Amino acid sequence: MSVLLLAVSEHTDAHKPVTSKYDYNRDVFPLLQEHCGRCHVEDGAAPMSLMTYKDAVPCAQSVRDELTAGRMPPWPIDPTSPPVKGAHPIRSRDLDMIVVWASGGTPEGNPDAKLPAVTAKSEWELGPPDVRIPINVEQTLAAGSLEKTADLLLPTNLTDARWVKAADLMPGNAAIVRDAVISIENGPVLAL
């Protein structure tokens, strides 16, 4: 009688081959900081930070997929329209570098590199606004709830016609505000 013994392990030493000529510390971090650092930062509006190698690597495939699908950076402005202040377009070369890094083994680069700390900002991204329209309706997210949507119609209280050059949002708690669409009633989307 013979006995066959199999050793099964859930741990594997396999790794993704590194084929990317770009690394996080030298090439990818500056791009993520520029294009994603407003939201994808600790305590920011996005659900995860991308501002450290340790935080970015588990999200690399998702980042690649979101960028190539055009869902990130979130800006639905028609690219043939005039430039809009505050838009977050990503240049083709920058997109390629991030995609190659994410698909090519996600190398870190020099582990001793000292990258600048990126923190959530609590000031207006576009500078102090000419007109502030406060949201006087408190919004709360119930414990255990993953999502809540609220449509708010806010009066401007303006008495004369104005041109809108830019729009920005300052959430009371950026850690729970994932998305916001700012638009004119029956008009265009101004910011996302």
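Here are some friendly notes on this predicted model, to read alongside the structure.

1. **How far to trust the model.** Let's begin with confidence. The average pLDDT of the protein is 81, and 81% of the residues score at least 70. Helix 2 has the highest confidence, with a mean of 96, while strand 2 (residues 189-191) has the lowest, with a mean of 72. Keep a general caution in mind as you look around: where pLDDT is low, the predicted coordinates should not be read in detail.

2. **The order of the elements.** Try tracing the chain from its N terminus. You will meet the elements in the order α-α-α-α-β-β, which gives four helices and two strands in the protein. Some stretches between these elements come up again below: one loop runs between helix 1 (24-36) and helix 2 (53-56), and another runs between helix 4 (92-103) and strand 1 (182-183).

3. **Inside and outside.** How much of the protein is buried? Of its 192 residues, 22% are buried. The protein exposes about 14,400 Å², and carbon and sulfur atoms supply 54% of that area. As for contacts with a separation of 6 or more, 63% of them are between residues 24 or more positions apart.

4. **A nonpolar patch on the surface.** Seven names are worth finding together here: Val131, Ile133, Ile135, Val137, Leu152, Leu154 and Leu158 make a nonpolar surface patch of about 500 Å². Take Val137 as an example. This residue lies in the loop between helix 4 and strand 1. Val137 has a relative accessibility of 46%, so it counts as partly exposed.

5. **His40 and its surroundings.** Is His40 buried or exposed? Its relative accessibility is 12%, and because the cut-off for buried is under 20%, His40 counts as buried. You can find His40 in the loop between helix 1 and helix 2. Its side chain reaches the backbone oxygen of Met48 at 3.0 Å. Neighbours within four places in sequence aside, the residues in contact with His40 are Ala46, Met48, Ser49, Leu50, Met51 and Met72. Met48 therefore appears twice in this picture, as a contact of His40 and as the owner of that backbone oxygen, while His40 itself is buried at 12%.

6. **A salt bridge across the sequence.** The whole structure holds eight salt bridges. In one of them, the side chains of Arg38 and Asp168 meet at 2.7 Å, N to O. This pair links distant parts of the chain, 130 residues apart: Arg38 is in the loop between helix 1 and helix 2, and Asp168 is in the loop between helix 4 and strand 1. Arg38 counts as partly exposed, because its relative accessibility is 35%.

7. **Two more pairs to compare.** Glu66 and Arg71 form a salt bridge through their side chains, at 3.1 Å, N to O. Glu66 is partly exposed, with a relative accessible area of 25%, and Arg71 is also partly exposed, at 49%. Now turn to Arg91 and Asp94, whose side chains meet in a salt bridge at 2.6 Å, N to O. Which of these two partners is buried? Asp94 is buried, with a relative accessible area of 4%, whereas Arg91 is partly exposed, at 46%.

8. **A small network.** Finally, look for Asp23, Arg26 and Asp27, which are joined into one network by salt bridges that share partners.

Conventions
Residues are numbered from 1 along each chain as its sequence is written. This is a predicted model: local features need pLDDT of at least 70, side-chain atom pairs count only at pLDDT 80 or more; totals for chains, interfaces and linings use all residues. Side-chain values use heavy atoms; hydrogens and water are left out. Buried means under 20% relative accessible area, exposed over 50%, partly exposed in between (1.4 Å probe, protein chains only). Contact means heavy atoms within 4.5 Å. Accessible areas come from the Shrake-Rupley method with a 1.4 Å probe; for residues, only the protein chains shown count as cover. Patches are made of residues with over 30% relative accessible area and no salt bridge: like charges are joined within 9 Å, nonpolar side chains (Val, Leu, Ile, Met, Phe, Trp, Tyr) within 5 Å. A salt bridge is a side-chain nitrogen of Lys or Arg within 4 Å of a carboxyl oxygen of Asp or Glu. A polar contact is a pair of N or O atoms within 3.5 Å; within protein, one must be able to donate a hydrogen and the other to accept it, and residues adjacent in sequence count only if both atoms are side-chain atoms. pLDDT is the predictor's confidence in each residue, from 0 to 100.
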